[in-house]
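Here's a quick briefing for anyone meeting this structure for the first time. Have a look at the model, then walk through the notes below.

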Amino acid sequence: MNTHLPYFHLATLLFHLLLLVFFIFFDTLGPLLGMEEITATTVSKIVVLSLLFFLGSWVVTTVNSRKVAKKVQQLEEERAKWKAKYQE
């Protein structure tokens, strides 16, 4: 089953790693982006964006697992039909 699930997790991971690097090296990266200091509004925007990335990844994972569970259930029902057919 072809899925794009790892890409969503990878995008979330890369976003958080970039944020970590940005906050660690803020003294040098901040002026390059025109930021003198980190304000509360900036942090809240980053937290909301981070939450949206996480929720998007969670939704994709949930939808994918439900799709896989439905496919497994269909295959088990088909297997049971074949098994009943050959036992007769």
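## A first look around

V21 is partly exposed, because its relative accessibility of 41% falls between the 20% and 50% cut-offs. You'll find V21 in helix α1, which covers residues 5-24. Keep in mind that this is a predicted model. V21 also turns up in a nonpolar surface patch, alongside residues including L17 and I24.

**Overall build**

- The protein chain is built from three helices and has zero strands.
- Going along the sequence, that gives the pattern α-α-α.
- The protein chain is more spread out than a compact globule, because its radius of gyration is 23 Å, well over the 12 Å that the globule rule gives for 88 residues.
- If you box in the C-alpha atoms along the principal axes, you get roughly 80 × 20 × 15 Å.

**Surface and charge**

- Of the 88 residues in the protein chain, 14% are buried.
- The accessible surface adds up to about 7,600 Å², and carbon and sulfur atoms account for 68% of that.
- The protein chain carries 9 positive and 7 negative charges, and the mean positions of the two sets sit 16 Å apart.
- The nonpolar patch on the surface covers about 750 Å² and is made by L10, L13, L14, L17, L20, V21, I24 and F25.

**Helix α2 and F26**

- Helix α2 spans residues 26-32, and F26 is part of it.
- Is F26 buried or exposed? F26 is buried, because its relative accessibility is 11%, and the buried class takes in anything under 20%.
- From F26 to L55 you count 29 residues in sequence, and their C-alpha atoms are 27 Å apart in space.

**Helix α3, with L55 and A69**

- Helix α3 runs over residues 40-87, and L55 has its place there.
- L55 has a relative accessible area of 36%, so it goes down as partly exposed.
- How far apart in space are L55 and T39, C-alpha to C-alpha? The gap is 24 Å, with the two residues 16 apart in sequence.
- A69 lies in helix α3 too.
- A69 is also partly exposed, because its relative accessibility comes to 45%.
- A69 and P6 are 63 residues apart in sequence, and their C-alpha atoms are 18 Å apart in space.

**To take away**

- Picture a predicted model with three helices and zero strands, whose C-alpha atoms fill a box of roughly 80 × 20 × 15 Å.
- For the residues picked out here, F26 is buried, while V21, L55 and A69 are partly exposed.

Terms used: Residues numbered from 1 in each chain as written. Predicted model: local features only at pLDDT ≥ 70, side-chain atom pairs only at ≥ 80, totals over all residues. Heavy atoms only, no water. Helix = DSSP H or I, 4+ residues; strand = E, 2+ residues; numbered from the N terminus. Rg over C-alpha atoms; globule rule 2.2 N^0.38 Å. Buried < 20%, exposed > 50% of the residue type's maximum accessible area, 1.4 Å probe, protein only. Areas by Shrake-Rupley, 256 points an atom, 1.4 Å probe, with all protein chains shown as cover. Lys, Arg positive; Asp, Glu negative; His and termini not counted. Charge placed at Lys NZ, Arg CZ, Asp CG, Glu CD. Patch = residues over 30% accessible without salt bridge, like charges linked within 9 Å, V, L, I, M, F, W, Y side chains within 5 Å. Salt bridge = Lys/Arg side-chain N within 4 Å of Asp/Glu carboxyl O.
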